[in-house]
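Thanks, everyone; I would like to take a few minutes to walk through one protein model, going from the overall fold down to single side chains. Please keep the structure open while I talk.

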Amino acid sequence: MRRHLLLRQAIVTLMVMLLGTVSLVDAKDKSGVLKASELIGMKVEGTDGKNLGKIRDLVIDPEYGDIEYAVLDFGGFLGIGDKYFAVPWDALKKTENGKKIALDTTKRDLKKAPGFDKNNWPDLSDQQQTVVIYEFYEIPLPADSKK
């Protein structure tokens, strides 16, 4: 009898925890802020309307809290052969419906972009790497990198 009561209490506790978690995850922010959880995995489309991949990650400057760049995952199949691109945050815009990210390039041009693999991420403290990436996307260098 006591074991049955403990099992029932455990089930009720688990249900409360799960239901509480679901309601928090499904909560929508109406203030217009961008949440990393919504951006990561979002599809990116080029100027020709074709799919360029999806946002794999956001790289944040730990000192200032700024987004250094978004990681665009392009190509590959089931994680094999993926090529990543460090895209300056200022090069990305949300589409009008807010369901995708727009990038001012085409799939053909993206194939020529400076990319990296998942084991060798770019170091934007290296001025030369920063210049190459920002020049490709025709985005002005951040003020703090013009030393």
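Let me begin with a definition, since the next number depends on it: by contact I mean that heavy atoms lie within 4.5 Å. What you see is a predicted model, and among its contacts between residues at least 6 apart in sequence, 43% join residues that are at least 24 apart. The protein has 147 residues, of which 27% are buried, and it exposes about 10800 Å², with carbon and sulfur atoms supplying 56% of that area.

Turning to the fold, we have 4 helices and 7 strands, and if you follow the sequence from its start, the elements come in the pattern α-α-β-β-β-β-β-β-α-β-α. How are the 7 strands ordered in the sheet? They form an open sheet in the order 5-6-1-2-3-4-7, with mixed pairing. Strand 5, residues 92-94, and strand 7, residues 115-116, stand at the edges with a single partner strand each, and therefore one side of each has no neighbour in the sheet.

Within that sheet, I would point you to strand 2, residues 51-60, and strand 3, residues 67-74, which run antiparallel and are joined by 6 bridges. One of the residue pairings here is that of Ile60, whose bridge partner in strand 3 is Ile67. A salt bridge also involves these two strands, since the side chains of Asp73 and Arg56 meet at 2.4 Å, N to O. This pair links distant parts of the chain, with Asp73 in strand 3 and Arg56 in strand 2, 17 residues apart. As for the surroundings of the two partners, Asp73 is buried, with a relative accessible area of 6%, whereas Arg56 is partly exposed at 33%.

That brings me to the other charged pairs. In general, side chains of opposite charge can pair when their charged atoms come close. The count of salt bridges in this model comes to 4, and another of them is formed by the side chains of Glu45 and Lys100, at 3.5 Å, N to O. Why does this pair tie together parts that are 55 residues apart in sequence? Because Glu45 lies in strand 1, residues 43-45, while Lys100 lies in the loop between strand 5 and strand 6, the latter being residues 101-103. Lys100 itself counts as partly exposed, at 33% relative accessibility. Lys112 and Asp109 also meet through their side chains in a salt bridge, at 3.9 Å, N to O; here Lys112 is exposed, with a relative accessible area of 60%, and Asp109 counts as partly exposed at 31%.

Let me go back to the edge of the sheet and look at Leu92, which lies in strand 5. Is Leu92 buried or exposed? At 11% relative accessibility, Leu92 counts as buried, although strand 5 is one of the edge strands. The reasoning here needs the cut-off, because a residue is called buried when its relative accessible area is under 20%. Apart from neighbours within four places in sequence, Leu92 is in contact with Ile55, Ala70, Val87, Ile101, Ala102 and Leu103. The C-alpha atoms of Leu92 and Ala102, which are 10 residues apart along the chain, are separated by 5.8 Å.

Finally, the aromatic residues. The structure holds 5 aromatic pairs, and one of them, Phe116 with Trp121, is tilted, with 5.3 Å centre to centre and 55 degrees between the planes. Phe116 is buried, at a relative accessible area of 9%, while Trp121 is partly exposed, at 36%. Together with Tyr84, Phe116 and Trp121 form one aromatic cluster.

My last residue is Pro122, which lies in the loop between strand 7 and helix 4, residues 127-136. Pro122 is buried, with a relative accessible area of 16%, and, leaving aside neighbours within four places in sequence, the residues in contact with Pro122 are Tyr69, Ala86, Phe116, Gln129 and Ile133. Phe116 thus comes up twice in this talk, as a contact of Pro122 and as a member of the aromatic cluster. Between the C-alpha atoms of Pro122 and Phe85, which are 37 residues apart along the chain, the separation is 9.1 Å.

Definitions and conventions. Residues numbered from 1 in each chain as written. Predicted model: local features only at pLDDT ≥ 70, side-chain atom pairs only at ≥ 80, totals over all residues. Heavy atoms only, no water. Pairing = 2+ DSSP bridges. Helix = DSSP H or I, 4+ residues; strand = E, 2+ residues; numbered from the N terminus. Buried < 20%, exposed > 50% of the residue type's maximum accessible area, 1.4 Å probe, protein only. Areas by Shrake-Rupley, 256 points an atom, 1.4 Å probe, with all protein chains shown as cover. Phe/Tyr/Trp six-rings, centres within 6.5 Å; stacked < 30°, edge-to-face > 60°.
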